[in-house]
Amino acid sequence: ALLGSFSNLLGEVDEAGVATLTLNRPKQLNALNSELMGELVAACQYLDRKHPSARVIIVTGSGSKAFAAGADIKEMSSVTYSEAYNKGLLDGWETLRTIRKPIIAAVNGFALGGGCELAMLADIIIAADSASFGQPEINLGVLPGMGGTQRLTRAVGKSRAMELVLTGDRLSAAEAVSLGLASRAVPAAELMETTQKLARRIAAASLPVAAKAKECVNQAYEMTLAEGVRFEKREFWSCFALADQKEGMAAFIEKRTPVFGDS
Ligand code: CO8
């Protein structure tokens, strides 16, 4: 079913609970203006907390050329420091961190600047072989401002991140996979099918357990190992408060497919 009406976004949810949000400014290579940010964040919040059946969110770009070629340079070009600071220019993107359902970025073409940072805000990146990742902000007289200096460094290590951020050079899909930035690269024509297949597998899990597992993995970037392991242990123990734990283990023992009720 179609999801709302947006100016910069297409949204739908299928029977399996897989929501697809498509950045829809193809003529501007899906450049991320503030209106698009507002719509994407609101759509994700709605899918996360209020939609009756959405279980996994796919974010992709319309057209074959770009996932997103960055924040909208035309919108930003005349912004002053005080406006950026006082209005919190583009800081709404961090709200995506509060989304509990898994988010998969299906990267078709350019994922540059804010586009690369948006992909890294997702939980899993699947890249079309046409994908190209980079942080070209240095060439515009700015630096990555949507988490790029932090998430790229955690994804590919300091030396490579430093090179990418200081030169604006791009990574191919194959390089992104070999560095661990993306989990796989697939032929462009198979990108959505592969991503939907993965999303449907994730959608079959117990929703609260998938959300807990996602939160635990993300805590690996926030905590020391000792704190992270303690966090994980408590979340693991808390699974035993769910009927889905009983169902999952009973189904294994009875050699059948589990039917999770999300409770
Ligand atoms: N913003 C606005 N418009 C864009 C953008 C963009 N980021 N990227 C492309 N467009 C527009 C172009 O202006 C052009 O429009 P028009 O036809 O009206 O001239 C149209 O999209 C097509 O683009 P091109 O003609 O340039 O297409 P090419 O195939 O020749 O080139 C490229 C494709 C290489 C992707 C090229 O468009 C490009 O270099 N784009 C800019 C990439 C970039 O520098 N991105 C970083 C932006 S800065 C950023 O993201 C900062 C994020 C942090 C901010 C957060 C603050 C908190």
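**Pockets, ligand shell and internal cavity**

Helix 4, strand 7 (124-128), helix 5 (148-156) and helix 9 (207-219) each contribute at least two residues to the lining of the largest pocket in this predicted model. Helix 9 provides the largest share of that lining, with ten residues. The largest pocket encloses about 1100 Å³ of space. Its lining comprises 35 residues, and those nearest the centre of the pocket are Met120, Ala122, Asp123, Asn218 and Tyr221. Classified by residue type, the lining of the largest pocket contains 19 nonpolar, six polar and ten charged residues.

The second largest pocket has a volume of about 710 Å³. The elements that give two or more residues to the lining of this second largest pocket are helix 2, helix 3 (81-87) and helix 4. Helix 2 supplies the largest share, three residues. In total, 29 residues line the second largest pocket, with Ala71, Met76, Glu137, Leu140 and Val142 nearest its centre. The class composition of this lining is 17 nonpolar, eight polar and four charged residues.

The space taken by the ligand is the second largest pocket. Two or more residues of the shell around the ligand come from each of helix 2 (73-76), strand 6 (110-112) and helix 4 (114-121). Helix 2 makes the greatest contribution to this shell, three residues, and it likewise gives the largest share of the lining of the second largest pocket. The ligand is surrounded by 25 residues, of which Lys65, Ala71, Ile73, Leu89 and Gly114 are the closest. Ala71 is also among the residues nearest the centre of the second largest pocket. By class, 13 residues of the ligand shell are nonpolar, five are polar and seven are charged.

Polar atoms of several residues lie beside oxygen atoms of the ligand. In the side chain of Lys65, an N or O atom is placed 2.6 Å from a ligand oxygen atom. For Lys74, the distance between a polar side-chain atom and an oxygen atom of the ligand is 3.1 Å. Gly114 takes part through its backbone, a polar atom of which is 2.8 Å from an oxygen atom of the ligand. Taken alone, the ligand exposes 1100 Å², and the protein buries 67% of that area.

A search of the whole structure for enclosed space identifies one cavity of 30 Å³ or more. The volume of the largest cavity is about 60 Å³. Strand 5 (103-107) and helix 4 each provide at least two residues of its lining, and the largest share, three residues, comes from helix 4. The residues lining the largest cavity are Cys44, Val59, Phe67, Leu96, Ile103, Ala105, Leu118, Ala119, Leu121 and Ala122. This lining consists of ten nonpolar residues, with no polar and no charged residues.

Helix 4 recurs across these sites. Helix 4 supplies at least two residues to the lining of the largest pocket, gives two or more residues to the lining of the second largest pocket and to the shell around the ligand, and provides three residues of the lining of the largest cavity. Ala122 lines the largest cavity and is also among the residues nearest the centre of the largest pocket.

Definitions and conventions: Residues are numbered from 1 along each chain as its sequence is written. This is a predicted model: local features need pLDDT of at least 70, side-chain atom pairs count only at pLDDT 80 or more; totals for chains, interfaces and linings use all residues. Side-chain values use heavy atoms; hydrogens and water are left out. A residue is near a molecule or strand if one of its heavy atoms lies within 4 Å of it. A polar contact is a pair of N or O atoms within 3.5 Å; within protein, one must be able to donate a hydrogen and the other to accept it, and residues adjacent in sequence count only if both atoms are side-chain atoms. Accessible areas come from the Shrake-Rupley method with a 1.4 Å probe; for residues, only the protein chains shown count as cover. On a 1 Å grid over the protein atoms alone, a cavity is a set of points where a 1.4 Å probe fits but cannot get out, and a pocket is an open set with protein on both sides within 12 Å along at least five of seven lines; lining residues have an atom within 4 Å of a point. A molecule sits in a cavity or pocket if more than half of its atoms lie within 2 Å of its grid points. Helices (H or I, at least four residues) and strands (E, at least two) are DSSP runs, numbered from the N terminus. Ala, Val, Leu, Ile, Met, Phe, Trp, Tyr, Cys and Pro count as nonpolar, Asp, Glu, Lys and Arg as charged, and the others, Gly among them, as polar. Grid points are joined across faces, edges and corners, and a volume is the space filled by probe spheres set on the points.
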